[in-house]
Amino acid sequence: MFATSSAPSRLATGRHLLGGATAPVGRVVRRSAALLALACALPGALSTALADSRQMPASAMLPAYQQECAACHMAYPPGMLPASSWNRMMGNLEQHYGTDASLDPALVRQLNTWLQANAGTYKRVREAPPQDRITQSAWFERKHREVQPAVWKRPAVGSRANCMACHTRADQGDFDDDNVRIPK
C-alpha cells in the first residue's frame, strides 16, 4: 500500500502505467481524459453514423414513419436520400408517385422533422436524384448495374423499388450483399 523505502514509489507519484512503464502525471491525466471523452462520444457518433447511411435497423426508425410509410411500401432508411428530397416528398404527399398519401398536417411535420434529422449527408446522397427517387440515384444505379433489366420485371420482384424482393433483410435495414437472393 505505502512505499517502505525513502524513495517514493511510482504508484504514489501517479506515474505508474500498465506494464510497469512510467509517464508524467499530466500525460496520464490527459490520456485518461481523452479515453473518457471518446467513450462518451461513441454512442452519439454511432447513432449519427447509422442515421447517415443506407442501413438503419427498423428498431431505430420512428414508429409513426414505419406505420404510415410501410403500410404501402418498405419504410426506406432516411439515409438513402438527402434532406431536400424528403422535404419535397413530404410537402407533396397528395401526389406521392401517383398515389394520394395525404396525412394529418401535424403528423407530416413530425415525420418531416425526423426525416430531415436522419437524411443522408454523406457523399453518395448529397445530390438529390431525379424525381427524388431512390431507384434513380447515381449510387443505386452503380450498386445495381449488374442486374439485368429482365430481373426487375419478374413477378417476384415487380419493380426496382421493391428492395425486399432481393435484399432479404431490407425490412431490418440490412442491405448487405451477403443477404441478396435474386428470385427466379
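Four salt bridges turn up in this predicted model, and two of them make good starting points for a tour of the fold. Arg88 pairs with Asp132, with 2.8 Å between the closest N and O atoms, and Arg160 pairs with Glu141 at 2.7 Å, N to O. Alongside these charged contacts there are four aromatic pairs, while disulfides number zero in the whole structure. Confidence is uneven, with a mean pLDDT of 78 for the protein and 68% of the residues at 70 or above.

**Salt bridges**

- Side chains of opposite charge can pair when their charged atoms come close.
- The bridge between Arg88 and Asp132 links distant parts of the chain: Arg88 belongs to helix 4, Asp132 to the loop between helix 5 and helix 6 (138–143), and the two are 44 residues apart.
- The two partners differ in exposure, since Arg88 is partly exposed at 43% relative accessibility, whereas Asp132 is buried at 11%.
- Arg160 sits in the segment after helix 7 (149–152) and Glu141 in helix 6, so their bridge ties together parts that lie 19 residues apart in sequence.
- Here Arg160 is partly exposed, with a relative accessibility of 24%, and Glu141 is partly exposed too, with 38%.
- Arg169 and Asp174 form another of the bridges, at 3.0 Å from N to O; Arg169 is partly exposed at 36%, and Asp174 is buried at 15%.

**Aromatic rings**

- Of the four aromatic pairs, one joins Tyr65 and Trp86: the ring centres are 6.4 Å apart and the planes meet at 85 degrees, so this pair is edge-to-face.
- Tyr65 is part of helix 3 (residues 63–69) and Trp86 of helix 4, so the contact ties together parts that are 21 residues apart in sequence.
- Both rings belong to buried residues, Tyr65 with 2% relative accessibility and Trp86 with 4%.
- Tyr65 has a second ring partner in Trp114, in a tilted pair with 5.0 Å centre to centre and 40 degrees between the planes.
- That second pair links helix 3 to helix 5 (residues 105–118), where Trp114 lies, 49 residues from Tyr65.
- Trp114 is buried as well, with a relative accessibility of 14%.
- Taken together, the ring pairs join Tyr65, Trp86 and Trp114 into a cluster.
- Arg160, already met as the salt-bridge partner of Glu141, also lies over the face of Trp152, 5.1 Å from the ring centre.

**Cysteines**

- The search of the whole structure finds zero disulfides.
- For Cys69, the closest cysteine sulfur is that of Cys72, and the 8.5 Å between them is too far for a bond.
- Cys163 is in no disulfide either, as its nearest cysteine sulfur, in Cys166, is 9.0 Å away.
- Cys69 and Cys163 are each buried, Cys69 at 16% relative accessibility and Cys163 at 9%.

**Confidence along the chain**

- Among the elements, helix 4 (residues 83–90) has the highest mean pLDDT, 96, and helix 2 (residues 25–51) the lowest, 43.
- Helix 4 is also the element that holds Arg88 and Trp86.
- Residues 1–19 stay under a pLDDT of 50, and the model has 19 contacts for them beyond four places in sequence.
- Residues 32–53 likewise stay under 50, with 14 contacts beyond four places in sequence.

Methods: Residues are numbered from 1 along each chain as its sequence is written. This is a predicted model: local features need pLDDT of at least 70, side-chain atom pairs count only at pLDDT 80 or more; totals for chains, interfaces and linings use all residues. Side-chain values use heavy atoms; hydrogens and water are left out. pLDDT is the predictor's confidence in each residue, from 0 to 100. Helices (H or I, at least four residues) and strands (E, at least two) are DSSP runs, numbered from the N terminus. Contact means heavy atoms within 4.5 Å. Rings of Phe, Tyr and Trp (its six-membered ring) pair if their centres lie within 6.5 Å; planes under 30 degrees apart count as stacked, over 60 as edge-to-face and the rest as tilted. Buried means under 20% relative accessible area, exposed over 50%, partly exposed in between (1.4 Å probe, protein chains only). A charge sits over a ring if NZ of Lys or CZ of Arg is within 6 Å of the ring centre and within 35 degrees of the ring normal. A disulfide is a pair of cysteine sulfur atoms within 2.5 Å. A salt bridge is a side-chain nitrogen of Lys or Arg within 4 Å of a carboxyl oxygen of Asp or Glu.
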